[in-house]
Amino acid sequence: MHIIAFSDLHLYFIENDFIVDTYKMYLHNKLKDKKIDMVLISGDIFESKFIRTCQSSKYNNPCKALREIFELDESIPIVCCLGNHEFAYEDITLIHSQYKKYTGQNNVHYLDVCGSFTKDNVNVIGNVFWYDNTLKSVPAKDDVIVSNWLDSSIEDFIPSIECEKCKQQILENIKPNKDNILLTHCVPHKDLNWFTIYEPESIYNQYSGSAHFLENEILQKYVKWAICGHTHKYITTTIGNINCVNIGNDYFSEYHNKQDIKCFEFDV
């Protein structure tokens, strides 16, 4: 199975046909003449305001909108996880409930809702993994956890507890008889975070209990690939038995004056 993975697309296209057309052009050029069996996207696809406005927009749900942007045959599944931008400055429980309403439509699947997606020999598991400083927490570093997260309506929202829930969901959805791929937005191991190595004072060094998650013996036994994003810096490495990639996309070219939409291709 040939898989192409993206991250951090940051689709700011609500009611903006020019940006829609430009995205389509870039993705068409990226995907043309490729044999694609599955698309993975590791979060930060839409801004949180998209859910608030999509009911009144011609892009009336995130699954349909994503399918239209990629212009791929609907038989090709698009499997996603949510990112911090989908949640930022919104009620976390509301965002979850809205994506739950749409996931699976147009063969687009959000792992935060469905837990896993299986096609043939491949089982994709994952979720946002944890919620970062864009929700206005006091910065935490090296697994030091803070609890004053101001933008969520969840009472006593504690990142370490939410991260444990995300980790448990991942472990529960592993299928030992399949080739498992872990898809998360935030980095599931410190070695996938460029900032840990090169910018030790960056707020992106916070982890909420996830800095060594890929060393988990169950993941080491059953997971073949780990794909993530969030930090916008490309890293590829191996952690034990797991092939790991941080896609590293640094926003979309026409919107942020960059050169391309980055992706990663691999076979399972």
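Colleague: Which residues account for 73% of the contacts in the protein with a separation of 6 or more?

Modeller: In this predicted model, that share belongs to residues 24 or more positions apart. A contact here requires heavy atoms within 4.5 Å.

Colleague: How many helices and strands does the secondary structure contain, and what percentage of the residues count as buried?

Modeller: The secondary structure comes to 10 helices and 11 strands. The protein has 268 residues, and 56% of them count as buried. Its accessible surface is about 11200 Å², with 47% belonging to carbon and sulfur atoms.

Colleague: Let us turn to one residue. Why is Leu66 called buried?

Modeller: The cut-off for a buried residue is under 20% relative accessible area. Leu66 has a relative accessibility of 0%, and it therefore counts as buried. Its place is in helix H3.

Colleague: What does Leu66 touch, leaving aside residues up to four places away in sequence?

Modeller: Leu66 touches Leu11, Ile41, Ile45, Phe46, Ile78, Cys80, Val108 and Tyr110. Of the pair Leu66 and Phe46, one can add that they are 20 residues apart in sequence and 9.4 Å apart in space, C-alpha to C-alpha.

Colleague: Why are helices H1 and H3 called oblique to each other?

Modeller: Two packed helices are described by the angle between their axes and the distance between the axes. The axes of H1 (residues 17–31) and H3 come within 8 Å and cross at roughly 60 degrees. Roughly parallel would require an angle under 35 degrees, roughly perpendicular 65 to 115, and roughly antiparallel over 145. The crossing angle fits none of these ranges, so H1 and H3 are oblique.

Colleague: Which residues form the contact of H1 with H3?

Modeller: In H1 they are Val20, Tyr23, Lys24, Leu27 and Leu31, and these meet Glu68, Ile69 and Phe70 in H3. The residues of this contact divide into 6 nonpolar, no polar and 2 charged.

Colleague: How do you know that the buried residues of helix H5 are on the same side of H5?

Modeller: The buried residues of H5 (residues 92–102) are Ile92, Ile95, Gln98, Tyr99 and Tyr102. They cover an arc of only 125 degrees around the axis, and therefore they are on the same side of H5. They pack against helix H2 (49–53), helix H3 (62–70), helix H4 (84–87), strand S4 (108–110) and helix H6 (111–114).

Colleague: What makes His10 and Asn107 noteworthy in their phi values?

Modeller: Most residues other than glycine have a negative phi. His10, however, has a positive phi of about 50 degrees although it is not a glycine. Asn107, also a residue other than glycine, has a positive phi near 60 degrees. By contrast, Gly104, just after H5, is a glycine, and its phi is positive at about 95 degrees.

Colleague: Where do His10 and Asn107 lie, and why are they called buried?

Modeller: His10 is in the loop between strand S1 (2–6) and H1. The loop between H5 and S4 holds Asn107. The relative accessible area of His10 is 0%, so His10 is buried. For Asn107 the value is 18%, which is under the cut-off of 20%, and therefore Asn107 also counts as buried.

Colleague: Why is Lys30 called buried?

Modeller: Lys30, in helix H1, has a relative accessible area of 18%; because this is under 20%, Lys30 is buried. The C-alpha atoms of Lys30 and Lys262 are separated by 9.0 Å, and the two residues are 232 residues apart along the chain.

Colleague: What makes His85 and Ser210 buried residues?

Modeller: His85 lies in helix H4, and its relative accessibility of 18% is under the cut-off of 20%, so His85 counts as buried. Its C-alpha atom is separated by 9.5 Å from that of His230, 145 residues apart along the chain. Ser210 is found in the loop between helix H8 (194–198) and helix H9 (217–222). Its relative accessible area is 0%, and therefore Ser210 is buried. The C-alpha atoms of Ser210 and Glu164 are separated by 8.8 Å, with these positions 46 residues apart along the chain as the sequence separation.

Terms used. Residues numbered from 1 in each chain as written. Predicted model: local features only at pLDDT ≥ 70, side-chain atom pairs only at ≥ 80, totals over all residues. Heavy atoms only, no water. Buried < 20%, exposed > 50% of the residue type's maximum accessible area, 1.4 Å probe, protein only. Helix = DSSP H or I, 4+ residues; strand = E, 2+ residues; numbered from the N terminus. Arc of directions from axis to C-beta. Axes fitted to C-alpha atoms, helices over the stretch in contact; angles between N-to-C directions. Nonpolar A, V, L, I, M, F, W, Y, C, P; charged D, E, K, R; others polar. Areas by Shrake-Rupley, 256 points an atom, 1.4 Å probe, with all protein chains shown as cover.
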